[in-house]
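Dear colleague,

Please find the sequence and structure handed over below. My notes on what was found in it follow.

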Amino acid sequence: MSLRIALLHTGAVNIEPIGAAARAALPDATVVNYLDDRIVADLGDAERAASVPGRIRDLVHAAKEGGADVVMLTCSSISELAAPVSAETGVPVLRIDEAMADAAVATGQRIAVVATLPTTLRPTLGLLEERAALAGRAPEFASEVVAGAFEAVASGDRATHDRLVAAAIERLAADADVAVLAQASMASAAQSAEVAVPVLTSVAPGIERLAETVRAGVRGETAAGAGPVAGAAAGSGAEAGR
């Protein structure tokens with residue numbers, strides 16, 4: 001029976017590129033997508049935010065019932081839920097942005113973080129602080145939520161989104177050793193930013209770590225630090241996406 005990988009998304013725009021990257025890295029695996037495209041909006045709604053952990057748990061349970069060996073959260077806004085959900089469901093739950101965070105911490109002391117939503121910026125900074133502490137480092141952070149960029153890409157205006165994000169990258173990177181893009185949907189903007197420091201995005205390193213975890217086929221800690229990784233060889237809409 002082939003390995004089954006579940007990708008849990010909060011934006012439909014990320015299904016195709018992240019799914020394609022996963023299939024390219026693990027061509028023998030079956031990739032299944034799960035989507036709740038209101039999660040990021042609801043995180044900013046005082047009446048609905050409390051429902052999000054349960055919804056993520058339910059989606060991971062559904063993935064488990066569907067035979068998933070490993071789940072990857074593709075949205076930085078929910079990456080902090082990986083550890084508790086993994087522990088509760090017994091399924092390895094990885095975070096697409098963790099490898100990016102590790103690379104940022106290893107690259108330099110001054111880290112610039114660019115986001116288009118405040119609900120994504122907070123957990124991204126938290127993840128960077130977590131990975132820095134594990135590495136015995138204490139970097140300095142500068143951050144910005146790019147006004148108008150999310151609204152532009154949500155309406156289909158990718159060019160305006162990329163222009164606004166690229167300008168923010170250039171502003172913050174001028175006083176940084178490395179820049180981090182908090183959302184997977186921001187990656188296209190990195191190509192037009194003219195900076196002298198690395199600009200890190202989450203998809204490529206995140207999928208590489210997923211593939212490494214799967215290929216290892218041994219018991220160890222999940223990328224969320226939440227529990228055992230099963231031997232994989234024996235077989236772990238409205239929003240624009242994170």
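Ala179 in S7 stands opposite Val199 in S8. The two strands, S7 and S8 (residues 199-200), run parallel and pair over 2 bridges; two strands are taken to pair if DSSP finds at least two bridges between them. Strands (E, at least two residues) and helices (H or I, at least four) are DSSP runs, numbered from the N terminus. Please note that this is a predicted model, in which local features need pLDDT of at least 70 and side-chain atom pairs count only at pLDDT 80 or more, whereas totals for chains, interfaces and linings use all residues. Residues are numbered from 1 along each chain as its sequence is written, and side-chain values use heavy atoms, with hydrogens and water left out.

Ala179 also stands opposite Ala112. Ala112 belongs to the pairing of strand S5 (residues 110-115) with S7, which is parallel and has 4 bridges. Strand S7 (residues 178-181) is covered on both faces: Val178 and Val180 are buried on one side, and Ala179 and Leu181 on the other. Here buried means under 20% relative accessible area, exposed over 50%, and partly exposed in between (1.4 Å probe, protein chains only).

Glu194 is found in the loop that lies between helix H9 (187-190) and S8. Glu194 has a relative accessible area of 69% and is therefore exposed. Its C-alpha atom is separated by 7.9 Å from that of Ala166, although the two residues are 28 residues apart along the chain.

A further group of strands forms an open sheet of 4 strands, in the order S2-S1-S3-S4 and with parallel pairing. Strands S2 (30-35) and S4 (93-95) are at the edges and have a single partner strand each, so one side of each lacks a neighbour in the sheet. From one strand to the next, the twist averages 25 degrees; axes are lines fitted to C-alpha atoms, for helices over the stretch in contact, and angles run from 0 to 180 degrees between N-to-C directions. Strand S1 (residues 4-9) is joined to S2 by 6 bridges in the parallel sense, and Arg4 stands opposite Thr30 in S2.

Helix H6 (residues 118-134) has 17 residues and reaches 25 Å from its first C-alpha to its last, close to the expected 24 Å, a span given by 1.5 Å times one less than its number of residues. Its buried residues include Leu121, Leu125, Leu128 and Arg131. Just after H6, Gly136 takes a positive phi of about 75 degrees.

With kind regards
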